[in-house]
Amino acid sequence: MDKNKIIVIGGGYAGLRTVEKLAKNPKNEILLFDKNPYHFMQTDVYDLIANEEDFAQVTVDLFTFCSGFDSNVTFLKQEVSNVDFKNKKIITCIQRYTYDYLVIAVGARTKFMANVIGLREYAHGIKALHRAMYFKQKFEMSLFHKVDEGGVSCTPINIVVAGAGLSGVEVAAQMASFSKEFYKKNNFICRKLNIVLINSAKNVLGGFEEQLYSKTDKRLRDLDVIIKNDRKVVEVTHNSVKLSNGEVLDMDFMIFTGGIEPNGLVQNLALDKNEKGYIVSNSYLQSQNYGEVFAIGDCTTIYNNGKVVPPTADTAEQMAELCAKNINNLISNKPLIEHSINSRGVLIALGRGYAVARIFGFYMHGYSAYIMKKLIERVYAKKLSNRSKKGCKKIFSN
Ligand SMILES: Cc1cc2nc3c(=O)[nH]c(=O)nc-3n(C[C@H](O)[C@H](O)[C@H](O)COP(=O)(O)OP(=O)(O)OC[C@H]3O[C@@H](n4cnc5c(N)ncnc54)[C@H](O)[C@@H]3O)c2cc1C
């Protein structure tokens, strides 16, 4: 039986959902490539940083995950450096692999703007697990230093979060909420932790609707997060952050969540890109240039009614489902389906026990929204972990 050789690059939200769907067809032989041996659940990173979850809870092993399928899925931990589209081969530092169909699902990376002096050198991103882990440890050490200083002097620790989008507000709120409870619960005397959120727009969560940003703003202020709207970071040194209005802030460590950009692989690919460098895909999610090549998730930009669909895990998964359907349709000579993908909702965790949300057009905030967010995260993680457990059993029983 001739197999359909399908390569998926990227074991993120988009890549794993595509693999799940394509693996149902036993004629599909799928190779999944990722530069890391794990899937990193970026949507849970706020809990990782604030020590609510350890790194095992925000990752899934890709070897065991892929072994959990009925033998038609293989994982290869290799970074893809380029693609030879004409000869249908992907290129890694080890060798070249041939495909019939290719799915590019490599996400995006933190954009450290070159014109902001010192930004890349002194600020940390959180889109990669090792960076998030580093930041988590710094945060924990800061809490410890405050405890250690108790009774002698009590200077504040200054944490700067630059970028007040989804990830910036979640991280700032979670750190503020966690440290408040931590000092209170343990009756420590020295508790001064300043969390400053820098935002270039007029409101936090720029681009989101008033129902979400006004509740978020209030919650952050209730948690004593200092919000500085309408200004940009212009320079960073090892211990200070200069803003566009001339203000200079003390900084012990800084996290940068101010933007994303296409990663190195996408920059190398000889495909049509938009003005921001993302892959241009058509309404079937195929690349503009090759019908057998699909681009999904954060590495491409899609539109609905002329508006950009925000790049989220939810969008990435919806794209993955349609991409898998369209690949199966191509294989069986059926017509392709156009996308009508739109954001189904947004859930923003803002510290322990509180979230704001829009789900299918309905707004919620408080504990109920928080429970909803946790539930969605748990269900997602559980499905992957069940598959990975199955794979683990298979590997260790052989
Ligand atoms: C802190 C934070 C909080 C967020 N919160 C939410 C939220 O609450 N809700 C929500 O919907 N979205 C949220 N997002 C956004 C969401 O995480 C992204 O939209 C989502 O991860 C995109 O999925 P993806 O599959 O396109 O990319 P990713 O999940 O980034 O996966 C890309 C994969 O490709 C791999 N890769 C990259 N380059 C190569 C290469 N050259 N070779 C091999 N492998 C490669 C990477 O290792 C990675 O595993 C958040 C993001 C962050 C950073």
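User: How many residues of the shell around the ligand are nonpolar, how many polar and how many charged?

Analyst: The split is 14 nonpolar, 12 polar and 7 charged. Here Ala, Val, Leu, Ile, Met, Phe, Trp, Tyr, Cys and Pro count as nonpolar, Asp, Glu, Lys and Arg as charged, and the others, Gly among them, as polar. Keep in mind that this is a predicted model, where local features need pLDDT of at least 70 and side-chain atom pairs count only at pLDDT 80 or more, while totals for chains, interfaces and linings use all residues. Residue numbers start from 1 along each chain as its sequence is written.

User: What puts a residue in that shell, and which residues are the closest to the ligand?

Analyst: The C-beta atom, placed from the backbone, has to lie within 6 Å of the ligand. That gives 33 residues, and the closest are Gly 10, Gly 12, Gly 107, Gly 297 and Thr 312. Helix 1 (13–22), strand 2 (28–34), helix 6 (166–185) and helix 9 (313–331) each give two or more residues to the shell. Those elements are DSSP runs numbered from the N terminus: H or I over at least four residues for helices, E over at least two for strands.

User: Which domains does the shell draw on?

Analyst: Domain 1 (4–35 + 78–110 + 261–343) and domain 2 (119–258) each supply at least three residues. The bounds come from an automatic or database domain assignment. The C-alpha centres of the two domains lie 35 Å apart.

User: Why is helix 1 called largely enclosed?

Analyst: A residue is buried if 20 or more other C-beta atoms lie within 10 Å of its own, exposed if 12 or fewer, and partly exposed in between. In helix 1, 8 of the 10 residues are buried, so the rest of the structure largely encloses this helix. Among the buried ones are Tyr 13, Arg 17 and Leu 22.

User: How do you know that the span of helix 6 agrees with its length?

Analyst: The expected span is 1.5 Å times one less than the number of residues. For the 20 residues of helix 6 that should be 28 Å, and the end C-alpha atoms are indeed 28 Å apart, so the two agree. Helix 6 is also mostly covered, with 14 of its 20 residues buried.

User: What makes a set of residues a nonpolar core, and which members of the largest one touch the most others?

Analyst: Its members are buried Ala, Val, Leu, Ile, Met, Phe, Trp, Tyr and Cys residues joined through C-beta atoms within 7 Å. The largest core has 60 residues, and those touching the most other members include Ile 49, Val 169 and Met 175. Helix 6 gives the most to this core, with 8 residues. A second, separate core of 53 residues includes Ile 30 and Met 319.

User: Why is Phe 360 called exposed, and why is Asp 230 called partly exposed?

Analyst: Phe 360 has 6 C-beta neighbours inside 10 Å, so it counts as exposed. Asp 230 has 13 and therefore counts as partly exposed. Neither is a glycine, yet phi is positive in both: near 45 degrees for Phe 360 and about 60 degrees for Asp 230. Phe 360 sits in the loop between strand 24 (355–359) and strand 25 (362–366), and Asp 230 in the loop between strand 14 (226–228) and strand 15 (233–236).

User: Which residues is Pro 156 in contact with?

Analyst: Contact takes C-beta atoms, placed from the backbone, within 7 Å. Leaving aside neighbours within four places in sequence, Pro 156 is in contact with Lys 192, Leu 193 and Asn 194.

Methods. Contact = placed C-beta atoms within 7 Å.
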